[in-house]
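Student: I would like to go through this structure step by step. May I start with a short question?

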Amino acid sequence: MKIADCGTDFVHSWVVQNRGLTVLIDTGYAEDWPHFLSRMATVDLDPSALDYLFLTHAHDDHAGFVNDVMEAVPGLKVITSRKTLTGLRRGQNGPGGGVPDDDAAAVCRQMIRDGHGRHRFPAIEEGLLSRFLWVEDGTIGEILPGAAVLALPGHTEDSIGLLWDGALFCGDAAQNRADWPLKTTIWIGDLDAYRASWQKMIDVRPERIYPGHGAPFDAAELKKELPALAEVTLNPSIQAKK
Ligand SMILES: [Zn+2]
């Protein structure tokens, strides 16, 4: 397995080459598309090499350039949960939830200053939906040999992860923030579901976890942090304006 990061400093777009297939995990913000193309060139990959886009959830920083990459690569198919459809059609993150700590609140305030406070992104072009493969929890060997989809709700209801030959691409089910003791993402929609998804990631025993934000890490770290996660409460006051 070869893994390249073609995303930005903020959000990853992992490009995974494994078993003769090339899979992009998530797109960044809509404006990250030119950066993605230049990153692909830097690692000697042509976008036409992409077989699949695995979309972990329908948020602005993960689904921003889905239309662009699908239009640029006519053979590309998208693997995602049917639950993303509402958000993809709306072109905006869903409501509800809160921040788990002060650091997360500071990051959210910075997002607002950066012009991302409304969490909008280009709605999916309806004509592209025929190239979507809807997956639920379980093995998807008929699409990606040896791979399984994990439903990982909590950050959002539609969140899924890809477990493929020991590597777990978990989207925002966990986040590795520098100088922050917990691998919690900066926004949690449903805390009980989020905790259960951490247990699920631990139980499938991945060799390495590749989050949407921050450096890859070992699943053992999640296990160590479970007691602290049990103490987390949400502050809903940092709400994006609609
Ligand atoms: Zn994210």
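Student: What is the relative accessible area of Gly 189?

Tutor: This model is predicted: local features need pLDDT of at least 70, side-chain atom pairs count only at pLDDT 80 or more, and totals for chains, interfaces and linings use all residues. Residues are numbered from 1 along each chain as its sequence is written, and side-chain values use heavy atoms, with hydrogens and water left out. Gly 189 lies in the loop between β10 (167-171) and α5 (191-203); helices (H or I, at least four residues) and strands (E, at least two) are DSSP runs, numbered from the N terminus. Gly 189 counts as partly exposed (buried is under 20% relative accessible area, exposed over 50%, partly exposed in between, with a 1.4 Å probe and protein chains only), at a relative accessible area of 38%.

Student: How far apart in space are Gly 189 and Asp 172?

Tutor: Along the sequence, 17 residues separate Gly 189 and Asp 172. From C-alpha to C-alpha, the distance is 11 Å.

Student: Which residues coordinate the zinc ion?

Tutor: Donors are N, O and S atoms within 2.8 Å of the metal (3.2 Å for Na, K and Ca); water is not among the atoms, so sites may look incomplete. Here the donor distances run from 2.0 to 2.3 Å. The histidines give NE2 and the aspartates OD. The residues are Asp 61, His 62, Asp 172 and His 213.

Student: What spacing do these zinc donors follow along the chain, and how many residues apart are Asp 61 and His 213?

Tutor: The spacing of the donors reads D-H-x109-D-x40-H. Asp 61 sits in the loop between β4 (52-54) and α2 (66-72), and His 213 in the loop between β11 (208-211) and α6 (219-231). The pair therefore ties together parts whose separation in sequence is 152 residues.

Student: Are Asp 61 and His 213 buried or exposed?

Tutor: Asp 61 has a relative accessibility of 4%. His 213 also comes out at 4%. Asp 61 counts as buried, and His 213 counts as buried.

Student: Which word describes the geometry of the zinc site?

Tutor: Four donors count as tetrahedral if all angles lie between 85 and 135 degrees; four count as square planar and six as octahedral if opposite donors are over 155 degrees apart and all others between 65 and 115; anything else is irregular. Among the four donor atoms here, the angles run from 87 to 158°. The site is irregular.

Student: How far does helix α4 reach from its first C-alpha to its last?

Tutor: Helix α4 covers residues 102-113, twelve residues in all. The expected span is 1.5 Å times one less than the number of residues. That gives 16 Å for α4. The reach in the model is close to this, at 17 Å.

Student: Why do the buried residues of α4 lie on the same side, and how wide is their arc?

Tutor: The buried residues are Ala 104, Ala 105, Cys 108 and Met 111. An α-helix has 3.6 residues a turn, so residues three or four places apart point the same way. On the other side of α4, Asp 102 and Arg 113 are exposed. The buried ones are on the same side because their arc (taken from the directions from the helix axis to the C-beta atoms) is only 115°.

Student: Which residue has a side chain in polar contact with that of His 116?

Tutor: His 116 is in the loop between α4 and β6 (132-134) and is buried at 16% relative accessibility. A polar contact is a pair of N or O atoms within 3.5 Å; within protein, one must be able to donate a hydrogen and the other to accept it, and residues adjacent in sequence count only if both atoms are side-chain atoms. At 2.8 Å, the partner of His 116 is Glu 31.

Student: What is the phi of Arg 205?

Tutor: Arg 205 is in the loop between α5 and β11. At 71% relative accessibility, Arg 205 is exposed. Arg 205 is not a glycine, yet its phi is positive, at about 50°.

Student: Which residues does UniProt list for the domain, and how far apart are the end C-alpha atoms?

Tutor: The unreviewed UniProt entry lists "domain: Metallo-beta-lactamase" for residues 10-213; such annotations may be inferred rather than shown by experiment. Over residues 10-213, the chain is 24% helix and 20% strand. The end C-alpha atoms of residues 10-213 are separated by 6 Å.
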